[in-house]
Amino acid sequence: MVLRKGLLIVNHQEGSNWETSLSMENARSIIAKWDPLPNGSENKDSTPLFTNTRQEAKRYLNAVSNLHSAMQHLLTLDSSSDRLVEACSLMQVAMNRLERELYRVSAEIRDHVDDDNIRHAAAKEDLKAIVECMFFAGYGKECVQIYTKVRKSNVTEALQNLGVEKPRLSKMKKMQWEMFDFKIKTWLNAVKFAVGALFPGERSLINQIFPSSENTTVVESCFAEICKDGAEMLFLFPEIIAKCEKTPEKMFRLLDLYEALSQNWPKIKEIFSYESTSSVRLQVGVSHMKIGEAVRATLSAFESAITKESSKTPVPSGRIHPLTRYAMNYISFLADYSDALTNILIDSPKTPMPESYFRTPKLAAKTPAPPELAERLAWEILLLLCKIDGKAELYKNVALGYLFLANNMQYVVTKARNSKLGSILGDDWLASHDQKVKEYASKYVNMAWSMVEMSLPENPKAAMQLAEASAKFHIFNMAFQEACQMQSTWIAPDLKLRDDIQKSVVSKVVPKYRDFYETNWVGSDSFIAFSPDDLQNHISFILHDVEDPCSITTHFSSFLR
């Protein structure tokens, strides 16, 4: 039995040796077909292995796998045999070939690595086959080194093509606004692509091609090596921007950066979830925090710019002050970033705003927006209105000063109502400021038209002597013409406000004049310049823009000569 067992063992070994020899000869034949021959001539070395139907590639990979199995068998027999040395040399040639193929195929998959197009899908299958073969042959370390080198280069190139470069504070501080703005817009486009496709695509590709038995450690180390440096550089940019000078014009780009970081944070956490990429998450958190601080500082700079505005020349015609346009456009744009600003302002100190202006229980209960945001925007408008009140005092004509206040308050209310700002401040805020417009307009009418009203008798229906009536008509004519002359260049650009003012003037002057006219016109014809309908017609042209072809200057040219 022992002899027979020995014979069986010998026969088994002979069979294995025969299979090993066959595997080595087959491997030598296939490998030599694709790599330099011993005499230095070349065969198909310059031709990619993975082409066309890839049958040749499959045969090559099978040959390498069989060669590895043969080496394992030879190792059990004699670890120093010549045949094992020969097999190792042959394996090294094969690995050199596969390393070159790994370089080439890895580099083929570019940009949108998560695309499912046919070319990329085929390249992924080739890559997976090469990686599995190299890992099986014990060349996993070399495989990872080559793969990470190629893919990291791809990530670096992709970011460079997107305009991403290492940010330098000294350089950013010296930039003109146009270039500064361009850099931020470039970054916003880059981060959208990087978080949406580039980084998750690299992670997905690693998961697809590396053997599942090696997946946990290999995937993490590969991904960290490929993407960490590029991601840290990308997300450092907002922190550098936050350190630049805080000027009002930079506000909305800062908010764009803040929103981009906020919106992409869930994806960033998912993509860079490994412990080895925690530095990326940390950098995003720091940049997010610093941008928030920069927004608060820039908001203070904007408010300071309002309070420090020191022009002393009244705006012609009682028009809307440039500060009002600038500030309300700015605040309206701020309202478009309500979510970001709410998060930024949560921990900010309260403004020194009077309780009666916005913090009353009634207003607080009816304001739909978070109180921090609504209060801060209301405070900024209050700063503006206080400044505009001061500008009204520059007018020598008090009536024109009230028209100026009415025009500017109307602009504030209209701008708020026609933007997201109105919903943030609430209906009660809008109603209270609408009322202020009416109050200013009423004071303007009283001041501008009081002499006209006073020129009429207290009891306009009472009949007068012809001489007295004629004198009254003459006085009224002079007062009305003077009022029209004075207001010939005054303007109410808002159509509704102008219409309301005109109706108010008509109700103040025309009925009283009509009663006086109908009672005393007989015999006073030569002293009457206007019928009641004429008055109403002339009043309908006051406060039109001077560039309007139907302006009051043109309309009254017939009797202002």
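Which residues does glutamate 259 touch, not counting residues up to four places away in sequence? I began my notebook with this question, and I note at the outset that the model I looked at is a predicted one.

**Entry: glutamate 259**

I found that glutamate 259 touches Tyr337 and Ala340, once residues up to four places away in sequence are set aside. Glutamate 259 itself is found in helix 9. I also looked up its distance to histidine 288, and I wrote down that the two are 29 residues apart in sequence, while their C-alpha atoms are 9.0 Å apart in space.

**Entry: the protein as a whole**

Before going on, I looked up some totals. I noted 22 helices and zero strands for the secondary structure of the protein. Of the 561 residues in the protein, 47% are buried. I then turned to the contacts with a separation of 6 or more, and recorded that residues 24 or more positions apart account for 80% of them.

**Entry: helix 9 against helix 10**

I reminded myself that two packed helices are described by the angle between their axes and the distance between the axes. For helix 9 (residues 251-271) and helix 10 (residues 278-308), I recorded axes that come within 9 Å and cross at roughly 155°. Angles over 145 degrees count as roughly antiparallel, and helix 9 is therefore roughly antiparallel to helix 10. The crossing in which helix 9 passes helix 10 is left-handed.

I then asked which residues make the contact of helix 9 and helix 10. On the side of helix 9, I listed several, including Leu254, Tyr258, Leu261, Trp265 and Lys269. On the side of helix 10, the residues include Arg281, Val284, His288, Ile291, Gly292 and Leu299. Sorted by class, this contact has 13 nonpolar, five polar and two charged residues.

**Entry: helix 10 against helix 15**

Next I followed helix 10 to helix 15 (residues 371-392), and noted that they pack at an angle of about 20°, with their axes 9 Å apart. That angle makes helix 10 roughly parallel to helix 15, and helix 10 passes helix 15 in a left-handed crossing. I wrote down that helix 10 contributes Leu299, Ser300, Phe302, Glu303, Ile306 and Thr307 to the contact, while helix 15 contributes Arg376, Trp379, Glu380, Leu383, Leu384 and Lys387. By class, I recorded six nonpolar, two polar and four charged residues for this contact.

**Entry: helix 12 against helix 15**

I also looked up helix 12 (residues 338-345), which packs with helix 15 at an angle of about 95°, the axes being 8 Å apart. Helix 12 is thus roughly perpendicular to helix 15. The residues that meet here are Ser338, Leu341, Thr342 and Leu345 in helix 12, and Glu372, Leu373 and Arg376 in helix 15. I noted the classes as three nonpolar, two polar and two charged residues.

**Entry: two positive phi values**

Most residues other than glycine have a negative phi. With that in mind, I wrote down that phi of serine 317 is near 70°, a positive value in a residue other than glycine. Serine 317 lies in the loop between helix 10 and helix 11 (322-335). Its relative accessible area is 14%, and buried means under 20%, so I entered serine 317 as buried.

Leucine 543, although it is not a glycine, has a positive phi of about 70°. I located leucine 543 in the loop between helix 21 (532-539) and helix 22 (552-555), and at 0% relative accessibility it counts as buried.

**Entry: leucine 403**

Where is leucine 403 placed? I found leucine 403 in helix 16 (residues 398-417), and with a relative accessibility of 0% it counts as buried. Leaving aside neighbours within four places in sequence, I listed the contacts of leucine 403 as Ser317, Gly318, Tyr444, Trp490, Ile491, Ala492, Ile501 and Leu543. Two residues from my previous entry, Ser317 and Leu543, are thus among the contacts of leucine 403. I also noted that leucine 403 and alanine 392 are eleven residues apart along the chain, with 9.0 Å between their C-alpha atoms.

**Entry: cysteines**

Last, I looked up the disulfides, and the count comes to zero. I checked two cysteines for burial as well: cysteine 227 is buried, with a relative accessible area of 0%, and cysteine 244 is also buried, with a relative accessible area of 3%.

Note on methods. Residues numbered from 1 in each chain as written. Predicted model: local features only at pLDDT ≥ 70, side-chain atom pairs only at ≥ 80, totals over all residues. Heavy atoms only, no water. Axes fitted to C-alpha atoms, helices over the stretch in contact; angles between N-to-C directions. Helix = DSSP H or I, 4+ residues; strand = E, 2+ residues; numbered from the N terminus. Parallel < 35°, antiparallel > 145°, perpendicular 65-115°, else oblique. Left-handed = near helix turned anticlockwise from the far one by under 90°. Contact = heavy atoms within 4.5 Å. Nonpolar A, V, L, I, M, F, W, Y, C, P; charged D, E, K, R; others polar. Disulfide = S-S within 2.5 Å. Buried < 20%, exposed > 50% of the residue type's maximum accessible area, 1.4 Å probe, protein only.
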